[in-house]
Amino acid sequence: MEEILRVENLCKNYPSFSLKNVTFSINAGEIMGFIGRNGAGKTTTLKSIMNLLHYDSGTIVAFGNDMKIYELENKQRIGFALSELNYYPNRTVKEMVSVTKKFYKDFDQAKFDKLAKLFNLDMKKKLEALSSGMKVKFSLAIALSHSAELLILDEPTSGLDPISRDEILDIFRSIVKDGERAILFSTHITSDLDKCATNITYIQNGEVKFFGTKNDFVKSYLFVPKQNVPSEALSHFIASKEYDDGVEGLIKAEDKKYMDTYQIETKEPDLEQIMVYLERSAKENESFTL
């Protein structure tokens, strides 16, 4: 498959946070979920890809072209939407479309109109009057309306009701179905990734901890549902949570043999369980008192 985007050794230093050699790539036909807790570096990475902030080092290549050298050409082929809508709040949806479409030579007004109808966007409403969900839909409609080969979306389903989210995920799947386009989107709604992602990049404290297929990511771990667990078995847990009536947690798939020894039930985890316990493991040495 053709490589559409490659991020290699991306570094960005702030006084209290750093991106550390962030590396991943996306091929045509893939939907990559970019996951990590708030503050992990997802938005900083996406802004770096789009040259919206100055990064310290690294290489970003889209469609075989360096993003710094071919920024304008590459951006014509990218649909980009941040989680926060920063357009002029007193302009109507219709007015903002008429301005925004001038930046894209392949903007398809008919496609935008179709998406606006699907998303129930009121063209006469001012941006400040839109709900958070409708603002996301507006950003998505713009991004999807200029024949973009790569969509880069920051929390695109945040604030949407379950029906609207399902509609958007259907659109995502249809976009990559022909094997010629790709989607990179960050999200904290891991159930969305369970439904549509083919690949996962997991970032923790500015470092990529996993990059690969969603199947490989999920198959790397096993979830231990709440049950009685002997204390000697807990040493094989990545992280665990103790309840009055048992313990649940996450283990590496390769450690199933230890669970079998103690007759401990395990099952395939979902993405949320993996994320929760990997983050819990990262914080296990920190404590606080209420």
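How many salt bridges does the structure hold? The count comes to 11 in this predicted model, and a few of them are worth a closer look once the strands have been introduced.

A good place to start is strand β9, which spans residues 199-204. Six of its six residues are buried, so the strand is largely enclosed by the rest of the structure. That holds for both faces: N199, T201 and I203 are buried on one side, and I200, Y202 and Q204 are buried on the other. Strand β9 also has partners. With strand β3 (residues 31-35), β9 pairs in the parallel sense over four bridges, and here I35 sits opposite Y202. With strand β10 (residues 207-213), β9 runs antiparallel, and six bridges join the two. Y202 turns up again in this pairing, this time opposite F210 of β10. The hairpin of β9 and β10 has two residues between the strands, and N205 takes a positive phi near 50° there.

Another part of the picture is an open sheet of four strands, ordered β2-β1-β4-β5, with antiparallel pairing. Its edge strands are β2 (18-27) and β5 (65-66), each of which pairs on one side only. Further in, β1 (residues 3-13) and β4 (residues 57-62) are paired antiparallel over five bridges, with C11 standing opposite S57 of β4.

Back to the salt bridges. One of them joins R37 and E279, whose closest N and O atoms are 3.8 Å apart. This pair links distant parts of the chain: R37 belongs to the loop between β3 and α1 (42-49), E279 belongs to helix α10 (residues 271-282), and 242 residues separate them. The two ends are not equally covered, since R37 is partly exposed at 39% relative accessible area, whereas E279 is buried at 8%.

R77 and E149 make another salt bridge, with 2.8 Å between the closest N and O atoms. Again distant parts of the chain are linked, 72 residues apart: R77 lies in the loop between α2 (71-75) and β6 (78-81), and E149 in the loop between α5 (132-143) and β7 (150-154). Both count as partly exposed, R77 at 28% and E149 at 27%.

The salt bridge of R173 with D170 has its closest N and O atoms 2.3 Å apart. Both residues lie in helix α6 (residues 162-176), three residues apart, or about one turn of the helix. R173 is partly exposed at 30% relative accessibility, and D170 is partly exposed at 38%. Finally, E3, R6 and E8 are joined into one network by salt bridges that share partners.

Notes
Residues numbered from 1 in each chain as written. Predicted model: local features only at pLDDT ≥ 70, side-chain atom pairs only at ≥ 80, totals over all residues. Heavy atoms only, no water. Buried < 20%, exposed > 50% of the residue type's maximum accessible area, 1.4 Å probe, protein only. Pairing = 2+ DSSP bridges. Salt bridge = Lys/Arg side-chain N within 4 Å of Asp/Glu carboxyl O.
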